[in-house]
Amino acid sequence: MTKMDEYQTYTIGVLGLQGAFYEHIILLERLKFEQRKIEVVTVRTKDDLDKCKALVIPGGKSNLLEPLVAFCQHPEKPVLGTCAGMIMLSSKAEGAKKGGQNLFGGMSTTVLRNGFGNQLESFESNLVLASKSLKNPEIPFCGVFIRAPMVLSTQTSPATPSTPPASTSIPIPTSQASSFSPFDQPLTTTTSAPVEILATLPFIPSSAYPESNVVALRQGQKMACSFHPELSMNQDVTSGGTIDGVGLFEEGKGDERLHEYFVRVICLGLE
């Protein structure tokens, strides 16, 4: 039985406790597929989560730790994590605040929290779309980076340089470098699926980490973006432009291509 035969309505939850969850809901509700109805629900309780076939984790925090860990580490559950959601899906994270932070896991990635700097160093950049499964890959996708995590490695244990990553294009603040330490012990990755790179920056942010330009990737049923795709508009920008993080999103004008890929390819299994 194919996914197409099994479901007529596919329910996607958006974790609605913090972050730009409303913008994710707007983009997901715009998506239309033949013989498929996409139902989008806001997840605030375990009962909400139990209704979902897939989950989107925006930037922000949550107190639904145990149910979310179980959902994210289930190899057949599709999950999209953006910005802080990428951190939560990783197996290991560097640059934690004192006291550490629990992760959901589900992917083999190692990331650096606030790897591109603080709020004042937020920026926009056109991205290089690396997957042919993304619609219209020749059209620039504007990535919005707000206190974004940086991918140090697509594997749990990258080669560790003698010093924290130093960016050639976007400096990592001294305060960030001084807190360079793991949250906790790396989580066990629940999938052996290969990592597929979906989008990269047009430059290498840290010469110490060759994969630091990776900003969107997929591993099995999990997908993560270091930027905010829910805030990306249908527009071309000059790479490296700065933003203030306010008033970026206009309803009906968002670029839904990464959300469309997540639903069509990962959730529904359609190519």
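**Reading the predicted model**

Student: Over which residues does pLDDT stay under 50?

Tutor: Over residues 158–185 pLDDT, the predictor's confidence in each residue from 0 to 100, stays under 50. The model has 70 contacts beyond four places in sequence for this stretch, a contact being heavy atoms within 4.5 Å. Over residues 236–249 the pLDDT is below 50 as well, and that stretch has 39 contacts in the model beyond near neighbours in sequence.

Student: How should I read coordinates where pLDDT is low?

Tutor: Predicted coordinates should not be read in detail where pLDDT is low. This is a predicted model, in which local features need pLDDT of at least 70 and side-chain atom pairs count only at pLDDT 80 or more, while totals for chains, interfaces and linings use all residues. Residues are numbered from 1 along each chain as its sequence is written, and side-chain values use heavy atoms, with hydrogens and water left out.

Student: What is the mean pLDDT of the protein?

Tutor: The mean is 79, and 73% of the residues reach 70 or more. Among the elements, helix α6 (residues 174–178) has the lowest mean, 34, and strand β12 (residues 222–225) has the highest, 97.

Student: How many helices and strands are there?

Tutor: Seven helices and 13 strands. They are DSSP runs numbered from the N terminus: helices are H or I with at least four residues, strands E with at least two.

Student: How much of the protein is buried?

Tutor: 54% of the 271 residues are buried. Buried means under 20% relative accessible area, exposed means over 50%, and partly exposed is in between, with a 1.4 Å probe and protein chains only.

Student: Which residues touch the most other members of the largest nonpolar core?

Tutor: Ile12, Phe145, Met223, Phe227, Phe262 and Val263 do, in a core of 41 residues. Helix α7 (residues 257–267) gives the most to this core, with seven residues. A second, separate core has 25 residues, including Leu55 and Leu217. A nonpolar core is a set of buried Ala, Val, Leu, Ile, Met, Phe, Trp, Tyr and Cys residues joined through side-chain atoms within 4.5 Å.

Student: What does Ile12 stand opposite in β2?

Tutor: Val40. In β3, Ile12 stands opposite Ala54. Strand β1 (residues 9–15) has six of its seven residues buried. β1 pairs with β2 (residues 37–43) in the parallel sense over seven bridges, where pairing takes at least two bridges found by DSSP. Three bridges join β1 to β3 (residues 54–57), also running parallel.

Student: And α2, what do its buried residues pack against?

Tutor: They pack against β1, β2, β3, β4 (79–82) and α7. Among the buried residues of α2 (residues 21–30) are Ile25 and Leu28.

Student: Change of topic: is Arg264 buried or exposed?

Tutor: Arg264 is counted as buried because its relative accessible area is 9%. Arg264 is in helix α7.

Student: Which residue's backbone oxygen lies 2.6 Å from a polar atom of the Arg264 side chain?

Tutor: That of Ser133. A polar contact is a pair of N or O atoms within 3.5 Å; within protein, one must be able to donate a hydrogen and the other to accept it, and residues adjacent in sequence count only if both atoms are side-chain atoms. Arg264 and Ser133 are 131 residues apart along the chain, with their C-alpha atoms separated by 9.7 Å.

Student: Where does Ser90 lie?

Tutor: Ser90 lies in the loop between α5 (84–89) and β5 (92–94). The Ser90 side chain reaches the backbone oxygen of Ile87 at 2.6 Å.
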